[in-house]
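Subject: Handing over a structure, with notes

Dear colleague,

I am passing a structure on to you, together with some notes on what I found when going through it. Please look at the structure before you read on, and keep it open beside the text.

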Amino acid sequence: MKTVTVERVISTPPEKVWAFISNFADFPGNGNTVVINHAGDPKAYGAGTIRTITNGNRQFVERIETIDPPHAFTYSLLSGAPVKEYHGRAEFNGLGNKTKIRWSGTFKPALPGTGWILAWITRKIIQGIIADLEKV
C-alpha cells in the first residue's frame with residue numbers, strides 16, 4: 001500500500017475553501033468537467049455521490065464516502081487510474097483567515113513496480129488542487 005500526504009497552509013479563508021470544495025458537482029482546476037452519475041444522500045451532505053471527472057482525455061470515477069462539513073471528506077476512486085483500492089481524505093482547518101489543508105491518498109498499484117511514479121503523479125494532482133483552492 002502506498003500513501004501520499006500533502007500538507008499546506010493557504011491564504012484562503014476556510015469558509016471559502018469549504019464552499020468551493022464541497023460543491024461535488026464541480027471540481028477545482030481548469031479544464032475539468034464533472035458529471036454526477038448518482039446523487040448522494042442529502043441527509044448525509046451528499047455522501048454516496050458518484051461523479052465522473054473529465055480532464056482532457058482522462059476520466060476518473062469517484063465516490064464521495066463521508067462528509068464532515070466544514071472540516072473533511074473522504075472519497076474512493078472507482079476507475080480511471082492504474083491503482084486498486086484508492087482512498088483519499090481531505091481535511092481543512094481554519095487558522096484565522098488561512099486554511100491548513102491535509103490531503104492524503106492511499107492505494108495499491110495495479111502494476112508491480114509502478115508505485116513510485118503513481119505516488120509522484122498523485123502528489124502532483126493533490127498539489128494542483130490545493131494551488132487551485134488558493135485562488136478561490
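The notes below go from the sheet to the core, then to the aromatic rings and the salt bridges.

Please bear in mind throughout that this is a predicted model.

The sheet

The strands form an open sheet of 7, in the order β1-β7-β6-β5-β4-β3-β2, and the pairing is antiparallel. The edges of this sheet are β1 and β2, each of which pairs on one side only, and the twist from one strand to the next averages 25 degrees. As general background, strands of a sheet pair through backbone hydrogen bonds, either parallel or antiparallel.

At one edge, strand β1 (residues 2-10) pairs with strand β7 (residues 98-109) over 9 bridges, in the antiparallel sense, and there Ile10 stands opposite Thr99 of β7. Strand β7 also pairs with strand β6 (residues 83-95), again in the antiparallel sense and over 11 bridges, with Pro109 of β7 as the bridge partner of Val83. The hairpin made by β6 and β7 has 2 residues between the strands, and within this hairpin Gly96 takes a positive phi near 70 degrees. At the other edge, β2 pairs in the antiparallel sense with strand β3 (residues 50-55) over 6 bridges, and Val35 is found opposite Thr52 in β3.

Helix α2 lies across β1, β6 and β7, and runs at about 20 degrees to β1.

The nonpolar core

The largest nonpolar core has 26 residues, of which Ile21, Phe73, Phe92, Trp103 and Leu133 touch the most other members. Each of β1, α1, β4 (58-68), β5, β6, β7 and α2 supplies at least two residues of this core, and α2 gives the most to it, with 6 residues.

The aromatic rings

The structure holds 9 aromatic pairs. In one of them, Phe24 with Phe73, the ring centres are 5.3 Å apart and the planes stand at 75 degrees, so this pair counts as edge-to-face. The pair links distant parts of the chain, since Phe24 is in the loop between α1 (14-21) and β2 (32-38) and Phe73 is in strand β5 (residues 72-79), 49 residues apart. Both partners are buried, Phe24 with a relative accessible area of 7% and Phe73 at 3% relative accessibility. Phe73 also forms an aromatic pair with Tyr75, but this one is tilted, with 5.9 Å from centre to centre and 40 degrees between the planes; Tyr75 counts as buried as well, at 7% relative accessibility. Taken together, ring pairs link Trp18, Phe24, Phe73, Tyr75, Tyr86, Phe92, Trp103 and Phe107 into a cluster.

The salt bridges

A search of the whole structure finds 8 salt bridges, and I describe some of them here.

Arg102 forms a salt bridge with Glu7, in which the closest N and O atoms are 3.1 Å apart. This pair links distant parts of the chain, with Arg102 in strand β7 and Glu7 in strand β1, 95 residues apart. Are these two residues buried or partly exposed? Arg102 is partly exposed, with a relative accessible area of 31%, and Glu7 is also partly exposed, at 45% relative accessibility.

The side chains of Arg8 and Glu134 meet in another salt bridge, at 2.4 Å from N to O. This pair too links distant parts of the chain, namely strand β1, which holds Arg8, and helix α2 (residues 115-134), which holds Glu134, with their positions 126 residues apart. Arg8 counts as partly exposed at 33% relative accessibility, and Glu134 counts as partly exposed at 27%.

A further salt bridge joins Lys108 to Glu85, with the closest N and O atoms 3.4 Å apart. Lys108 lies in strand β7 and Glu85 in strand β6, so this pair ties together parts that are 23 residues apart in sequence. Lys108 is partly exposed, at 35% relative accessibility, and so is Glu85, at 44%. Finally, salt bridges that share partners join Glu7, Lys100 and Arg102 into one network.

With best wishes

Methods
Residues are numbered from 1 along each chain as its sequence is written. This is a predicted model: local features need pLDDT of at least 70, side-chain atom pairs count only at pLDDT 80 or more; totals for chains, interfaces and linings use all residues. Side-chain values use heavy atoms; hydrogens and water are left out. Two strands pair if DSSP finds at least two bridges between them. Helices (H or I, at least four residues) and strands (E, at least two) are DSSP runs, numbered from the N terminus. A salt bridge is a side-chain nitrogen of Lys or Arg within 4 Å of a carboxyl oxygen of Asp or Glu. Buried means under 20% relative accessible area, exposed over 50%, partly exposed in between (1.4 Å probe, protein chains only). Rings of Phe, Tyr and Trp (its six-membered ring) pair if their centres lie within 6.5 Å; planes under 30 degrees apart count as stacked, over 60 as edge-to-face and the rest as tilted. A nonpolar core is a set of buried Ala, Val, Leu, Ile, Met, Phe, Trp, Tyr and Cys residues joined through side-chain atoms within 4.5 Å. Axes are lines fitted to C-alpha atoms, for helices over the stretch in contact, and angles run from 0 to 180 degrees between N-to-C directions. Contact means heavy atoms within 4.5 Å.
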